[in-house]
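Here's a quick briefing to read alongside the model. Have the structure open while you go through the points below.

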Amino acid sequence: MSPSLKLISHKLCPYVQRAVIALTEKGVAFERIDIDLANKPDWFLKISPLGKVPVLVVPSAQGEIALFESNVICEYIEETQSGAKLHPADALARAQHRAWMEFGSAILGDLWGLETTQDAAVFAAKREALTAKFARVEVALGDGPYFAGARFSLVDAVFAPIFRYFDVFDAYGDLGIFASSPKVRAWRDRLAQRPSVKSAVSPEYPQLLRAFLVRHDAYLLKQAA
Ligand SMILES: N[C@@H](CCC(=O)N[C@@H](CS)C(=O)NCC(=O)O)C(=O)O
């Protein structure tokens with residue numbers, strides 16, 4: 001039987017990975033369609049109001065509905081699919097989780113600056129901003145192994161793709177971003193072992209990310225010098 005959900009994706013996108021991890025955690029079959037964001041297909045531009053991935057195409061009585069915005073997609077997956085719960089049952093705890101998911105998006109904003117800038121001063125500012133943000137995360141973490149303890153949640157699905165960047169960046173030198181955040185370091189290690197996290201990207205991910213850095217002539221590459 002062919003899967004009914006389609007996820008329009010890109011091989012490097014951390015927002016796509018959130019949705020892939022959520023679907024995998026729930027054991028939901030889906031078709032992943034990777035597109036070239038430098039050459040967006042017309043059919044994609046028709047269904048994606050912002051021209052961004054991920055888009056989850058969902059069959060409905062009205063025909064196919066294209067859902068956009070990764071956190072909205074994750075919430076839809078949580079509300080409609082059976083399998084492990086990825087949000088707390090308590091409304092206040094759930095709201096806190098949603099807030100930390102948004103915080104993860106703010107981290108991705110800084111990460112984009114860190115990985116694309118050619119400017120030493122911008123690079124230093126982004127590194128500082130990320131260090132400060134992870135210091136806030138450190139305070140929010142409990143005893144682990146996951147964000148909220150023993151159970152994997154959508155916050156974990158949001159942060160795992162963030163940490164994946166650093167697995168590639170570390171080869172160019174220690175950025176020191178996690179130096180004062182031992183709980184974050186332990187969380188990062190634990191998420192890297194999670195099967196849903198491992199399988200959310202293809203084996204060529206590190207090579208593709210390195211090529212992206214080279215294309216941007218990223219200051220980050222000069223860390224190795
Ligand atoms: N807020 C969006 C962000 C998604 C996003 O920025 N996706 C990037 C790839 S990682 C994209 O599609 N960029 C294409 C473009 O901006 O033209 C979400 O959470 O889904």
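Let's start with the ligand: one of its oxygen atoms has a polar side-chain atom of Lys-40 sitting 2.5 Å away. Keep in mind that this is a predicted model. From there we'll look at the other contacts, the pocket and the domains.

**Polar contacts to the ligand**
- Val-53 joins in through its backbone, with a polar atom 2.8 Å from an oxygen atom of the ligand.
- Glu-69 uses its side chain instead: a polar atom there lies 2.8 Å from a nitrogen atom of the ligand.
- On its own the ligand would expose 510 Å², and the protein buries 73% of that.

**The shell and the pocket**
- Which residues sit around the ligand? They are Cys-13, Pro-14, Tyr-15, Leu-37, Lys-40, Gly-51, Lys-52, Val-53, Pro-54, Glu-69 and Ser-70.
- Sorted by class, that shell is made up of six nonpolar, two polar and three charged residues.
- Lys-40, Lys-52 and Glu-69 are in the shell, and by class they count as charged.
- If you're hunting for the largest pocket, look at the space the ligand takes up.

**Domains**
- The protein splits into domain 1, covering 5–80, and domain 2, covering 91–223.
- How far apart are the C-alpha centres of domain 1 and domain 2? They lie 21 Å apart.
- The two domains also touch: 16 residues of domain 1 are in contact with 25 residues of domain 2.

Key:
Residues are numbered from 1 along each chain as its sequence is written. This is a predicted model: local features need pLDDT of at least 70, side-chain atom pairs count only at pLDDT 80 or more; totals for chains, interfaces and linings use all residues. Side-chain values use heavy atoms; hydrogens and water are left out. A residue is near a molecule or strand if one of its heavy atoms lies within 4 Å of it. A polar contact is a pair of N or O atoms within 3.5 Å; within protein, one must be able to donate a hydrogen and the other to accept it, and residues adjacent in sequence count only if both atoms are side-chain atoms. Accessible areas come from the Shrake-Rupley method with a 1.4 Å probe; for residues, only the protein chains shown count as cover. On a 1 Å grid over the protein atoms alone, a cavity is a set of points where a 1.4 Å probe fits but cannot get out, and a pocket is an open set with protein on both sides within 12 Å along at least five of seven lines; lining residues have an atom within 4 Å of a point. A molecule sits in a cavity or pocket if more than half of its atoms lie within 2 Å of its grid points. Domain bounds come from an automatic or database domain assignment. Contact means heavy atoms within 4.5 Å.
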